[in-house]
Amino acid sequence: EEVEDASEPTKRDRSHLENTLKLNEDKPADDFSGVLQRLRKIYHASIKPLEQSYRYNELRQHEITDGEITSKPMVLFLGPWSVGKSSMINYLLGLDNTPYQLYTGAEPTTSEFTVIMHGPKLKTIEGIVMAADSSRSFSPLEKFGQNFLEKLIGIEVPHKLLERVTFVDTPGIIENRKQQERGYPFNDVCQWFIDRADLIFVVFDPTKLDVGLELEMLFRQLKGRESQIRIILNKADSLATQELMRVYGALFWSLAPLINVTEPPRVYVSSFWPHEYQPDTHKDLFLKEEISLLEDLNQVIENRMENKIAFIRQHAIRVRIHALLVDRYLQTYKDKMTFFSDGELVFRDIVEDPDKFFIFKSILAKTNVSKFDLPNREAYKDFFGINPITSFKLLSQQCSYMGGCFLEKIEKAITRELPDLLGSIGLGKKPNVLSCDITGCGETPKNRYRRP
């Protein structure tokens, strides 16, 4: 028995985890219930009416529920199979050797989407139950079908970190497996989680640096979310220094064609599991990298309300652009129609070549619309294939005496209400009060050319 105990790997000190993530602090969490109530009110009063009227959900497949508005920040773990995603979650939450540790192994082990969230006691929740509970933010997942719900599982853990954040562990990417073999639309489900994630950890290990079709598709889905992506080179202490340098270079070489941004993403190099680092490796470097990643995670938790408001505002901008485009398509259709025209032929001509009718260019002429925010032209062929143009009203007709105009309300939310709400949190959590410590509003400008 003594020999067996001696051969067991020693556990790493966890004090840096508790200090960086402030798990030992007893101070009460900030109460954002008033801000969330205002955010929900702005969404339902100013954004949702236009969203429903122009069926935005059928274009983007992104319906925002109350559960999503009030949900905690979500951290998503993606990457090839057996690179240590589940081990990393076990390590962060201290679940090793407990009944609810995530199963790990050298073979592909996680075949489900596992949501790890806070609860009063250790409990497993079936995917069907999670989707049926409208108070959670996972009810929209029902649209991916019964086969997927059987591959969705929730675990409630009474952990202090989970009071402020939710982790999502995903099935590992297996390059020789086709999406159809999974029995549900894997890429669509990944996209659903990517759209809602506040932080995305893409995990690799030194043995799985090759990029196949499934991983390439995943990075295509991550386009536009580069600021949330963190690349992790896990199991770094399994390599000697020279090998680690080569592997680090090979990882960048593999990912370079997939991430087309001027600034490379942050790559963390360490070993995220509870055992001590291997002897004769760069322990200090790995520990510093781990602390940097924990600070990154803590920053997302601290900025959760700012991110939530910014996300709703971005959604409002997309809804507004969609409404302006549908309005322009409808106005063009009405202008081209005559008594003897075939409505179907007229509209097909407009949808096939919208540039001939300056539909997208006319939207760019409007204020607050960037050409980079315009949706794909092809998407509107499918959209109008399902939704006839005659089923919509012009924006000028979407007004009422009591309720006002839909477009004016969403523009007010984008330009005034949401920025004001954001400012009330960022500047001392007191609505409509500016902090001169942050803004420097009290300073008089200095004349650099005047002699003292």
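**Notes on the predicted model**

1. Serine 82 counts as buried, because its relative accessibility is 16% and the cut-off for buried is under 20%. This residue sits in the loop between β1 and α6, the latter covering residues 85-93. Its phi is near 55 degrees, a positive value in a residue other than glycine. The model is a predicted one, and the values in these points should be read accordingly.

2. A second positive phi in a residue other than glycine is that of lysine 235, near 60 degrees. Lysine 235 also lies in a loop, here the one between β7 (229-233) and α11 (241-255). Its relative accessibility is 31%, so lysine 235 counts as partly exposed, whereas serine 82 at 16% counts as buried.

3. Strand β1, residues 74-78, holds phenylalanine 77. The relative accessibility of phenylalanine 77 is 0%, so this residue counts as buried. What does phenylalanine 77 touch, if residues up to four places away in sequence are not counted? The list is Lys85, Met88, Ile89, Leu92, Phe167, Val168, Asp169, Thr170, Phe201 and Val203. One of these contacts, Ile89, is 12 residues from phenylalanine 77 in sequence, and the two C-alpha atoms are 8.9 Å apart.

4. Which cysteines form a disulfide? Cysteine 399 and cysteine 405 do, with 1.9 Å between their sulfur atoms; the cut-off for such a pair is 2.5 Å. The count for the model is 1 disulfide. The link is right-handed, with 110 degrees about the S-S bond. Its two ends fall into separate accessibility classes: cysteine 399, at 35%, is partly exposed, while cysteine 405, at 18%, is buried.

5. Helix α9 (residues 186-196) and helix α10 (residues 213-221) cross at roughly 35 degrees, their axes coming within 10 Å. The crossing is right-handed. On the α9 side the contact is made by Phe186, Asn187, Asp188, Cys190, Gln191 and Ile194, and on the α10 side by Glu214, Met217, Leu218 and Gln221. Sorted by class, these are 5 nonpolar, 3 polar and 2 charged residues. Is the cysteine in this contact, Cys190, buried or exposed? Cysteine 190 is buried, because its relative accessible area is 1%.

6. Helix α12 (residues 283-302) and helix α13 (residues 304-336) have axes that come within 4 Å and cross at roughly 65 degrees. Val300, Ile301 and Glu302 of α12 meet Arg304, Glu306 and Asn307 of α13. By class this contact has 2 nonpolar, 1 polar and 3 charged residues, whereas the contact of α9 with α10 has 5 nonpolar, 3 polar and 2 charged.

7. For the overall picture, the protein chain has 18 helices and 10 strands. It runs to 452 residues, of which 45% count as buried; phenylalanine 77 and cysteine 190 are among the buried residues named above. Taking contacts between residues at least 6 apart in sequence, 78% join residues at least 24 apart.

8. How much area does the protein chain expose, and what share of it do carbon and sulfur atoms supply? The exposed area is about 24500 Å², with 50% of it from carbon and sulfur atoms.

Terms used. Residues numbered from 1 in each chain as written. Predicted model: local features only at pLDDT ≥ 70, side-chain atom pairs only at ≥ 80, totals over all residues. Heavy atoms only, no water. Buried < 20%, exposed > 50% of the residue type's maximum accessible area, 1.4 Å probe, protein only. Axes fitted to C-alpha atoms, helices over the stretch in contact; angles between N-to-C directions. Helix = DSSP H or I, 4+ residues; strand = E, 2+ residues; numbered from the N terminus. Left-handed = near helix turned anticlockwise from the far one by under 90°. Contact = heavy atoms within 4.5 Å. Nonpolar A, V, L, I, M, F, W, Y, C, P; charged D, E, K, R; others polar. Areas by Shrake-Rupley, 256 points an atom, 1.4 Å probe, with all protein chains shown as cover.
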